[in-house]
Amino acid sequence: MTLIAPFVLIFGLVFLYPMIRVVELSFTNAPLIGSGEWVGLENYRQLLTDNLFYTSLKNNGYFVLLTVIPTTVIALAIAIAVNRLSGRMQALVLATFFLPYILPVSVVTQIWAWMLDFQFGILQPVIEYFVGEPVAVFKQPAWVMPTIAVVTIWWTNGFNVLLFIAGLRNIPKELYEAASLDGASRRQLFMKVTWPLLWPVTALVMTLQLILQLKLFDQVYLLSGGGPFNSSYVLLMMVYREAFQLNNGGYASAVALVLFVVIMVVSVLQFQLLRMGGRK
């Protein structure tokens with residue numbers, strides 16, 4: 001009991017109590033700080049008629065589509081390429097890909113805001129080459145979410161690469177040697193050896209990415225502020241606005257609780273489906 005007491009205490013203070021408090025607040029009209037009156041399910045009824053909630057939910061789903069599968073595929077390709085290197089070259093290339101992951105989000109967004117600046121951004125000539133003119137990417141509804149997705153993939157992909165490299169190094173070399181002796185091509189080695197044995201790692205990466213991208217806030221807040229015309233407005237932006245700008249602690253708690261349930265249900269469902277797919 002003495003050994004687990006610190007964990008139980010920290011878990012209760014950091015997770016359990018705040019969770020219970022959020023659930024309680026979601027049934028009240030309380031401000032961010034202070035008590036309020038019990039209103040039952042009124043916050044949830046209001047949520048169901050709030051167009052901004054549906055817009056935010058749609059944007060969260062769109063961002064998940066833009067990031068989860070692409071970042072998994074890109075990380076896998078990079079990991080396979082890096083794993084073929086050796087010695088200092090492998091360490092150097094791996095460090096290069098992992099470096100963005102250790103940067104604070106404020107630094108990451110500042111770098112990309114500078115590179116994509118409409119007047120002076122060094123990437124604007126590239127955009128102009130493909131579309132014919134410079135584009136203020138964070139002020140165009142069609143561009144803002146894909147651009148934030150690119151920034152997010154660049155920023156977070158280093159961790160996924162590490163996970164895939166760990167998975168690749170756990171595959172016995174004898175399996176590749178035996179398959180090569182049987183005349184297997186590189187494509188067959190990947191499809192019949194690498195991919196099946198990497199499936200548990202792939203399921204883990206996709207589940208972690210799903211949870212991470214559903215919690216999107218920092219990049220949107222710093223790069224676009226939810227605009228233009230709410231085209232990048234997400235659920236955590238809504239929580240922030242209701243709690244810290246409008247002082248509606250009860251309603252913000254309801255939105256946060258709905259987001260928590262969505263993340264929990266969708267991530268568990270996806271992980272189980274991926275596990276079932278890996279057994280086939």
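The UniProt record, in an unreviewed entry, marks a "transmembrane region" at residues 62–82, 91–115, 143–168, 189–214, 220–239 and 251–273. What we have before us is a predicted model, and I shall set two of these stretches against it. Residues 143–168 are 100% helix and 0% strand, and their end C-alpha atoms are 35 Å apart. Residues 91–115 are 76% helix and 0% strand, with 27 Å between the end C-alpha atoms.

The same record carries a second annotation, "domain: ABC transmembrane type-1", again from an unreviewed entry, which covers residues 57–270. Over residues 57–270 the chain is 77% helix and 0% strand, and the end C-alpha atoms of that span lie 18 Å apart.

Let me turn to the interior. The largest nonpolar core contains 43 residues, and those with the most contacts inside it are Phe138, Ile148, Met238 and Val255. Which helices each supply at least two residues of this core? They are α3 (51–83), α5 (105–115), α7 (141–169), α9 (186–214), α10 (218–223), α11 (235–245) and α12 (249–279). Ile148 serves as an example of the surroundings: leaving aside residues up to four places away in sequence, Ile148 touches Phe63, Phe138, Gln219, Val220, Leu223, Ser224 and Ser232. There is also a second, separate core, made of 19 residues, which includes Ala79, Leu168, Ala179 and Leu198.

I come next to the aromatic residues. A pair of aromatic rings is described by the distance of the centres and the angle of the planes. In this model the count comes to 15 aromatic pairs. Consider first Phe7 and Phe11. Their ring centres are 5.8 Å apart and their planes stand at 25°; because planes under 30 degrees apart count as stacked, this pair is stacked. Both residues belong to helix α1 (residues 5–25), where, being 4 residues apart, Phe7 and Phe11 are separated by about one helical turn. Phe7 is exposed, at a relative accessible area of 58%, and Phe11 is partly exposed, at 36%.

Now consider Phe53 and Tyr54. Why does this pair count as edge-to-face? The ring centres are 5.4 Å apart and the planes meet at 70°, and planes over 60 degrees apart count as edge-to-face, so Phe53 and Tyr54 receive that description. Phe53 is buried, with 7% relative accessibility, whereas Tyr54, at 38%, is partly exposed. Beyond these pairs, Phe217, Tyr221, Tyr240 and Phe244 form one aromatic cluster.

Finally, I would draw attention to some details of the backbone. Gly227 and Pro228 are joined by a cis peptide bond, with omega about -10°. Pro228 is found in the loop between α10 and α11. Phe229 lies in the loop between α10 and α11 as well, and has a positive phi of about 55° although it is not a glycine. Is Phe229 buried or exposed? Phe229 is exposed, because its relative accessible area is 77% and the cut-off for exposed is over 50%.

Asn247 also has a positive phi in a residue other than glycine, near 60°. Asn247 is placed in the loop between α11 and α12, and at a relative accessible area of 41% it is partly exposed.

Notes:
Residues numbered from 1 in each chain as written. Predicted model: local features only at pLDDT ≥ 70, side-chain atom pairs only at ≥ 80, totals over all residues. Heavy atoms only, no water. UniProt positions renumbered as here; feature names shortened; annotations may be inferred. Phe/Tyr/Trp six-rings, centres within 6.5 Å; stacked < 30°, edge-to-face > 60°. Buried < 20%, exposed > 50% of the residue type's maximum accessible area, 1.4 Å probe, protein only. Core = buried A, V, L, I, M, F, W, Y, C linked by side-chain atoms within 4.5 Å. Contact = heavy atoms within 4.5 Å.
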